[in-house]
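Q: I'm new to this structure and would like a close look at one part of it. Could you start with a single strand, show me how it sits among its partners, and then walk me outward to other places worth seeing?

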Amino acid sequence: MPETVTASPRSKGRILIIDDEYDIRESLETLLSIEGYTAVTAENAAQGLKRLEEGSYDLVLLDLMMPDRSGLEMLDDLRARDRETPVFLITAYGSIEVAVQALKSGANDYFSKPWDNEKLLIEIDRQIARTRLEHENRELRRALKVRYAFPNIVGKSERMLAVLDLVAQVAPSKSNVLITGETGTGKELIAKAIHANSPRAERTFVGVNSGSVPPDLLETALFGHIKGAFTGAVANRKGYFETANHGTIFFDEIGTLTADMQVKLLRVLQEREFMAVGSNEVIRVDVRIVAATNADLKKLVEQGKFREDLYYRLNVIDISLPPLRDRKEDIPPLVDHFFDVYCRENAKFTDDAGRSLLRFEPEAMQILMDYNWPGNVRELENAVERAVVLANEREVPASVLPEPVLHAGGVRLPRDPGEPLPPDASLFEIVAEFERRAIIEVLEQVAYSQTEAAAKLRVPLSTLNQKIKRLDIPIRRKSASN
Ligand SMILES: Nc1ncnc2c1ncn2[C@@H]1O[C@H](COP(=O)(O)OP(=O)(O)OP(=O)(O)O)[C@@H](O)[C@H]1O
Ligand SMILES: [Mg+2]
């Protein structure tokens with residue numbers, strides 16, 4: 001079983017000790033534990049590498065001489081995959097040459113046996129503080145850069161920052177990009193950000209929804225037509241490709257293109273030229289293509305519904321947007337962002353700087369964090385917009401949340417009070433279930449009089465009503481005999 005890799009909250013850091021001598025491991029482990037570090041040991045190079053794969057460490061203490069491998073070789077291996085984790089080498093054979101070699105190979109410091117405990121601890125402390133600071137600075141710079149380049153895109157999760165790094169990297173190039181992700185994850189927003197951060201930013205961005213335009217209309221829309229090309233073509237008309245010349249075309253829902261349109265698009269991608277409907281004059285264009293889909297295009301290719309050659313042409317760079325439920329740390333900053341946007345739009349609850357004064361009450365925020373957001377950021381945006389419209393006071397109650405969000409909390413919980421809770425229930429779900437059972441118990445005692453139950457539970461009647469609704473509590477009518 002892999003060893004647990006989380007340091008206790010009060011740990012000063014996680015240190016991996018790799019040494020073949022039991023006594024050394026033991027004494028280092030004791031020394032470090034007493035000092036408040038979490039120490040993990042490995043007795044040879046192979047085990048050490050395995051530990052490093054299983055978890056992350058703030059520092060590695062590495063023995064230079066081990067039976068299976070020299071410490072220097074191991075260091076090379078380690079540095080090949082991880083340039084950051086600091087390594088202190090420890091050896092019985094303290095020679096200047098070895099020390100120099102060790103530092104050249106990427107060790108951060110060097111101690112010879114027997115070492116001075118006090119000095120070792122001071123250096124470990126310093127090194128860990130230094131690495132943390134560097135790491136924090138890097139993250140800060142990254143977040144700042146991201147905010148600067150994408151002022152309207154909110155996200156602080158590692159996954160979203162990685163997406164934005166990639167966007168920043170590919171934006172300046174001419175490569176075609178395929179953006180994938182569930183509905184509402186921000187595909188169109190990213191497509192626009194690619195355009196806005198490219199040398200084409202001053203030129204036109206044209207969005208085409210491949211799914212909502214009928215195929216024959218799509219052809220003339222894309223390529224244009226000349227006067228008389230068909231009934232109703234009373235004048236020449238430029239298509240999207242010409243409009244977007246030197247700019248970007250965004251093909252949304254690319255998976256819905258008909259076979260015929262797939263061939264036509266492929267031709268433009270290959271030749272960079274096309275003819276307007278009814279014309280035989282070749283028009284050359286320089287257009288960057290960004291496509292998006294929430295379908296599994298690869299699967300469509302396997303099923304023969306999407307051309308493989310077109311797929312590879314479009315998918316030069318693949319940007320995949322994670323669903324909101326996989327990056328919940330983005331929820332609070334998104335909520336703040338949408339509060340700002342919609343308070344301004346509704347001229348409601350803003351301060352002098354135009355920022356929102358609203359916040360969700362803690363229970364509401366917990367519900368937002370626990371919900372699984374099938375509609376992703378769009379669904380969250382709608383929920384916040386609705387909350388702004390309905391809000392009467394600065395602290396927004398849970399009762400303004402949309403029905404599906406409100407009701408999700410209790411849905412998968414057992415209905416029978418005797419039944420145990422599901423083992424994977426979240427704290428919120430557990431609390432909700434206890435709340436539900438407590439309310440039912442009191443309702444039973446007062447024959448389902450909600451006024452009496454509210455008094456007994458010492459909550460306002462309106463609060464009880466909200467909870468009854470949200471927790472899906474069945475309300476029986478007071479029976480006449482009671
Ligand atoms: N990271 C984000 N920061 C701020 N707003 C976002 C973010 N992601 C999405 N949004 C907002 O959420 C809404 C939905 O985003 P968008 O239309 O780009 O999603 P989509 O993936 O194209 O959805 P669909 O597949 O349904 O077309 C938009 O209003 C967008 O501005
Ligand atoms: Mg979209």
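A: Happily! Let's start with strand β8, where Thr248, Phe250 and Asp252 point one way while Ile249 and Phe251 point the other way, and all of them are buried. Keep in mind as you look that this is a predicted model. β8 covers residues 248-252, and five of its five residues are buried, so the strand is mostly covered.

Now look to the two partners of β8. One is strand β7, residues 205-209, which pairs with β8 in the parallel sense over five bridges. To find your place in that pairing, go to phenylalanine 205, whose bridge partner in β8 is threonine 248. The other partner is strand β11, made of residues 288-293, which runs parallel to β8 and is joined to it by four bridges. Threonine 248 is a handy landmark here too, as it stands opposite arginine 288 in β11.

From there, let's visit another set of strands. Five strands form an open sheet in the order β2-β1-β3-β4-β5, with parallel pairing. At its edges are β2 (38-42) and β5 (109-112), each of which pairs on one side only. Ignoring direction, neighbouring strands of this sheet are turned by 20° against each other on average. Within the sheet, strand β1 (residues 14-18) runs parallel to β2 and is joined to it by five bridges. A pair to look for is isoleucine 15 and alanine 39, the latter in β2, which stand opposite each other. Helix α2, residues 45-54, packs on this sheet and touches β1 and β2; the direction of α2 makes about 160° with that of β1.

Next come pairs of helices. Two packed helices are described by the angle between their axes and the distance between the axes. Take helix α13 (residues 331-345) and helix α15 (residues 376-390): their axes come within 9 Å and cross at roughly 50°. The two helices are therefore oblique to each other. The crossing in which α13 passes α15 is right-handed. On the α13 side, the contact is made by Ile331, Leu334, Val335, Phe338, Phe339, Tyr342 and Cys343, and α15 brings Val377, Leu380, Glu381, Val384, Glu385 and Val388. Sorted by class, this contact of α13 with α15 has 11 nonpolar residues, two charged ones and no polar ones.

Leucine 358 is a good next stop, in the loop between α13 and β13 (359-360). Leucine 358 counts as buried because it has 22 C-beta neighbours inside 10 Å. Setting aside neighbours within four places in sequence, leucine 358 is in contact with Phe339, Cys343, Phe349, Val388, Ala391, Arg394 and Val396. You have already met some of these names: Phe339 and Cys343 of α13 and Val388 of α15 belong to the helix contact described above. For a sense of distance, leucine 358 and valine 277 are 81 residues apart in sequence and 54 Å apart in space, C-alpha to C-alpha.

Finally, try one more helix pair. Helix α18 (residues 450-457) and helix α19 (residues 461-470) pack at an angle of about 105°, and their axes are 9 Å apart. That angle makes α18 roughly perpendicular to α19. From α18, the contact is made by Gln450, Thr451, Ala453, Ala454 and Leu457; from α19, by Leu461, Leu464 and Asn465. The residues of this contact of α18 with α19 divide into five nonpolar, three polar and no charged.

Methods. Residues are numbered from 1 along each chain as its sequence is written. Chains are lettered from A and ligands numbered from 1 in the order in which they are written. This is a predicted model: local features need pLDDT of at least 70, side-chain atom pairs count only at pLDDT 80 or more; totals for chains, interfaces and linings use all residues. Axes are lines fitted to C-alpha atoms, for helices over the stretch in contact, and angles run from 0 to 180 degrees between N-to-C directions. Angles under 35 degrees count as roughly parallel, over 145 as roughly antiparallel, 65 to 115 as roughly perpendicular and the rest as oblique. A crossing is left-handed if the near helix is turned anticlockwise from the far one by less than a right angle, and right-handed if clockwise. Two residues are in contact if their C-beta atoms, placed from the backbone, lie within 7 Å. Ala, Val, Leu, Ile, Met, Phe, Trp, Tyr, Cys and Pro count as nonpolar, Asp, Glu, Lys and Arg as charged, and the others, Gly among them, as polar. A residue is buried if 20 or more other C-beta atoms lie within 10 Å of its own, exposed if 12 or fewer, and partly exposed in between; C-beta atoms are placed from the backbone. Two strands pair if DSSP finds at least two bridges between them.
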